[in-house]
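Hi,

Here is the structure I promised to pass on to you. Have it open while you read, and my notes on what turned up are underneath.

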Amino acid sequence: MINKTHGFLADTWWYAMTARLSDENFRKLVDLRVSQGFNAAQFVVGIPPETTPETPNAASMYGPAWTRDGVFNRDYLQHARQRMVAINKAGLTGIVYGAWGPQINWLGIEHMIEWWVEVLSISADLDVIYCLTGESNLHVGPTDFAASGKGNRLVQMIEKTAGKSSFARRVMQRIFRHPSLTQSRKLAWSRVLETIAPLTDKPFIIHPNPNETGFDCVENPHLLAANTAQTGHTLEARLRLHQLPMAHTANKDPADRGYINLEPWYEGIRDSFYAADQLYAYWVSMLAGAISHCYGAHGIWNVGDGQFLGHWGGQTFAQALALDTPRLLGLSHQLLTPYLQLKAEVELQEEAGKVLSLRRRTQSASFTYIPEISSMNSIPQGKIWLPLEGRFTDQLPAQGQVVIIGGES
């Protein structure tokens with residue numbers, strides 16, 4: 001297996017293969033992220049999240065990837081290939097998601113396998129990592145189980161009732177979160193994985209829900225090249241950012257596979273999680289043991305216009321493209337990359353559930369991330385890096401984030 005899961009810094013472009021992202025904006029986005037130090041991008045080749053094959057937002061200029069009747073769009077596939085080729089030529093590895101969790105109920109297992117075979121065929125010669133599905137155990141409602149785009153009377157009746165009654169909505173949510181449905185979904189995606197993973201030497205990963213890791217999502221995690229997580233878009237995710245990679249390391253995977261957070265806070269989502277939170281997420285995740293990092297910006301992931309998927313916030317594509325945070329992430333990643341695959345010891349200092357410092361020490365160097373320098377009484381010696389400014393300094397600031405880089409320890 002060719003494992004390229006180590007060392008990437010990826011942006012998130014779920015709608016990159018749709019007509020929402022014009023050719024001009026596609027080129028602009030690719031060129032910008034390369035210039036900012038990114039070396040990967042994750043996107044959906046298929047039907048993106050929070051949409052269906054029947055809605056225009058899922059379609060490329062050639063239409064949607066497939067219909068619920070299992071008819072695949074060859075023109076869509078060739079268009080997706082052209083964009084993946086352009087992504088590779090610019091210097092980015094493609095992280096290719098072939099589906100989103102509920103869609104296996106729409107297509108069925110056999111048709112999902114057939115779809116994945118098509119995805120593999122158009123990308124076999126490209127620099128890609130495959131992600132089996134996004135949010136593998138996502139259950140959103142009765143339409144998860146509607147095999148036809150026309151739906152059926154029972155589904156329509158349930159949705160109509162739930163739309164009018166808060167009690168009905170709560171009941172429906174409990175039904176579609178039942179453990180038996182989760183287990184059924186797990187078995188379905190496991191069947192797809194066991195069939196398609198042997199067809200390629202490229203790595204496979206899976207994108208989980210916030211309450212689980214990738215290894216939890218299938219019966220055959222030995223086929224996955226790395227363990228993964230989605231810590232999500234709430235303040236409660238803060239502790240998971242460092243706890244999950246530390247837990248993965250503590251579990252001592254026999255295959256020595258790494259951990260990647262595929263979806264930490266999106267910048268600007270719900271008008272929150274801007275530069276300070278993004279740099280915090282990067283440094284605590286990576287120093288705690290992650291092997292790669294994914295960034296996302298609201299407005300970029302959905303190619304937003306302020307209205308589309310506006311329940312997540314109003315930040316637009318243009319506004320997100322102007323954010324300086326990706327450049328700062330690229331500079332931090334360039335600084336840390338040479339040390340990522342070295343064996344390291346991790347030291348966490350916290351108080352009342354709050355990270356005071358996180359240190360990663362190898363034989364050649366140590367990196368100590370301090371989220372708030374004014375909270376520390378003792379500061380280690382070394383070079384001082386300011387993550388939010390992307391530069392070294394000779395003087396410790398009075399407050400704010402710092403990284404102290406020490407020599408051989």
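Let's start with one helix and its surroundings; keep in mind that this is a predicted model. The buried residues of helix H8 are covered by several elements, including strand E6 (227-229), strand E7 (259-261), helix H9 (275-287), strand E9 (345-351) and strand E10 (354-361). Which residues of H8 are buried? They are Ala237, Leu241, His242, Pro245 and His248.

H8 itself runs over residues 237-250, so to speak a stretch of 14 residues. From first C-alpha to last, H8 reaches 20 Å, close to the 20 Å expected at 1.5 Å a residue. There is still a kink in H8: about 30°, at Gln243, shortly before the proline Pro245. That proline is also one of the buried residues I listed. After H8 comes Lys252, and its phi is positive, near 50°.

Two of the strands that help cover H8, E9 and E10, also belong to an open sheet of 6 strands. Follow the order E9-E10-E11-E14-E12-E13 on your screen; the pairing is antiparallel. Why do E9 and strand E13 (391-393) each have one side without a neighbour in the sheet? They stand at the edges with a single partner strand each, so nothing in the sheet sits on that side. On average, neighbouring strands here are turned by 25° against each other, ignoring direction.

For a closer look at one pair, try E10 and strand E11 (residues 366-370), which pair in the antiparallel sense over 4 bridges. If you click on Leu358, its bridge partner in E11 is Tyr369.

Helices pack on this sheet too. H9, which we met as part of the cover of H8, touches E9, E10, E11, strand E12 (383-386) and strand E14 (402-406). The direction of H9 makes about 140° with that of E11. Helix H11 (residues 325-336) also packs on the sheet, where it touches E11, E12, E13 and E14. Its direction makes about 150° with that of E12.

Now zoom out to the whole chain. You'll find 11 helices and 14 strands, and 56% of the 409 residues count as buried. The chain exposes about 17600 Å², with carbon and sulfur atoms supplying 52% of that. As for contacts between residues at least 6 apart in sequence, 70% join residues at least 24 apart.

Have fun exploring!

Technical notes:
Residues are numbered from 1 along each chain as its sequence is written. This is a predicted model: local features need pLDDT of at least 70, side-chain atom pairs count only at pLDDT 80 or more; totals for chains, interfaces and linings use all residues. Side-chain values use heavy atoms; hydrogens and water are left out. Buried means under 20% relative accessible area, exposed over 50%, partly exposed in between (1.4 Å probe, protein chains only). Contact means heavy atoms within 4.5 Å. Accessible areas come from the Shrake-Rupley method with a 1.4 Å probe; for residues, only the protein chains shown count as cover. The expected span of a helix is 1.5 Å times one less than its number of residues. The bend at a residue is the angle between axes fitted to the seven residues ending there and the seven starting there. Two strands pair if DSSP finds at least two bridges between them. Axes are lines fitted to C-alpha atoms, for helices over the stretch in contact, and angles run from 0 to 180 degrees between N-to-C directions.
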